[in-house]
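Dear colleague,

Please find below the structure that I am handing over to you, with its sequence. My findings follow directly after it.

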Amino acid sequence: MTSQFDVNDDAAKRKQTSPDSESSSTCGPQPSVSNEDASRRKFLQMAVGGAVAGLVAGGVELVAPTRALAQSILTPEEALEELLDGNKRFVDVKLTSFEQDLAILRNHTSEHQQPFAAVLACADSRVPVELIFDQTIGHIFVSRVAGNFITSEIIASLEYGAAVLGTKVILVMGHGSCGAVEATVKHTLAPGQISALYPHIQPAVDIAGTDFDAVAKANALIQASLLRKSSTVISALVNKGKLLVFAAFYNLGSGEVSLLE
Ligand SMILES: [Zn+2]
């Protein structure tokens, strides 16, 4: 999160050290310069290819290729499809994200970002969000908290992703064998402030009972619904057809992400 909010400072520093670098706004929706009729995947691959060409041809002059990284031209439906297609590649162990040059991507996104999707996920180490959707730097705006529930800070983060960065889909994603869910179901006595997680997940326990995965799914549905209702920013974008919000469930064993609604 820090990098997004410190972006102006970063831009200022780069301007001092690299006077030729682009210094335009880093946050607002960037105009699309391309109406490529290729598929989404092809477009993304072309964008990266453009970055490579820009580096080779123009040294550090990355202005045009940067703007070509316009994931925001995706519709909400296409953004969701891109996530699910990426998850299928992950399940099939046919990842493509690692084919992209990470050094170029870091350079390319160092001053701005245009993630096409946001994911609210659990902090669980077995839920590596970018990996399970076969995505790389700059593609997914990720918020994580054990139990993947909504707080005002999480809402603020997701609002920033949608309203400022232009994410087109938000997945609220629970997962199997969730420790936060299990502890809530069992009312486990825990040290420190761990039990502060429980009240957020308890409504799902009240609905789904003691089956951990059923509670995790109910919790994802509840949190997605809460997000739609409690954020005027997000609900307005949803109502305008500019944003989709879905609850989802990640199966640790199969690697598959399934939509719950
Ligand atoms: Zn979890």
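**The sheet**

In this predicted model, five strands make up an open sheet with mixed pairing, and their order is 2-1-3-4-5. Strand 2 (140-144) and strand 5 (257-259) lie at the edges, each pairing on one side only. On average, neighbouring strands of the sheet are turned by 25° against each other, direction ignored.

Within the sheet, strand 1 (residues 117-121) and strand 3 (residues 169-175) run parallel and are joined by five bridges. Ala-117 stands opposite Val-169 of strand 3.

**The chain as a whole**

The secondary structure of the chain consists of 12 helices and five strands. Of the 261 residues in the chain, 39% are buried. Where contacts link residues at least 6 apart in sequence, 71% of them join residues at least 24 apart.

**A helix pair**

I would also draw your attention to helix 8 (residues 152-165) and helix 12 (residues 232-239), which pack with their axes 9 Å apart and at an angle of about 40°. Helix 8 and helix 12 are therefore oblique to each other, and their crossing is left-handed.

On the side of helix 8, the contact involves Leu-158, Glu-159, Ala-162 and Ala-163, which meet Val-233, Ile-234 and Leu-237 of helix 12. Six of the residues in this contact are nonpolar, one is charged and none is polar.

With kind regards

Conventions. Residues numbered from 1 in each chain as written. Predicted model: local features only at pLDDT ≥ 70, side-chain atom pairs only at ≥ 80, totals over all residues. Pairing = 2+ DSSP bridges. Helix = DSSP H or I, 4+ residues; strand = E, 2+ residues; numbered from the N terminus. Axes fitted to C-alpha atoms, helices over the stretch in contact; angles between N-to-C directions. Buried ≥ 20, exposed ≤ 12 C-beta atoms within 10 Å, placed from the backbone. Contact = placed C-beta atoms within 7 Å. Parallel < 35°, antiparallel > 145°, perpendicular 65-115°, else oblique. Left-handed = near helix turned anticlockwise from the far one by under 90°. Nonpolar A, V, L, I, M, F, W, Y, C, P; charged D, E, K, R; others polar.
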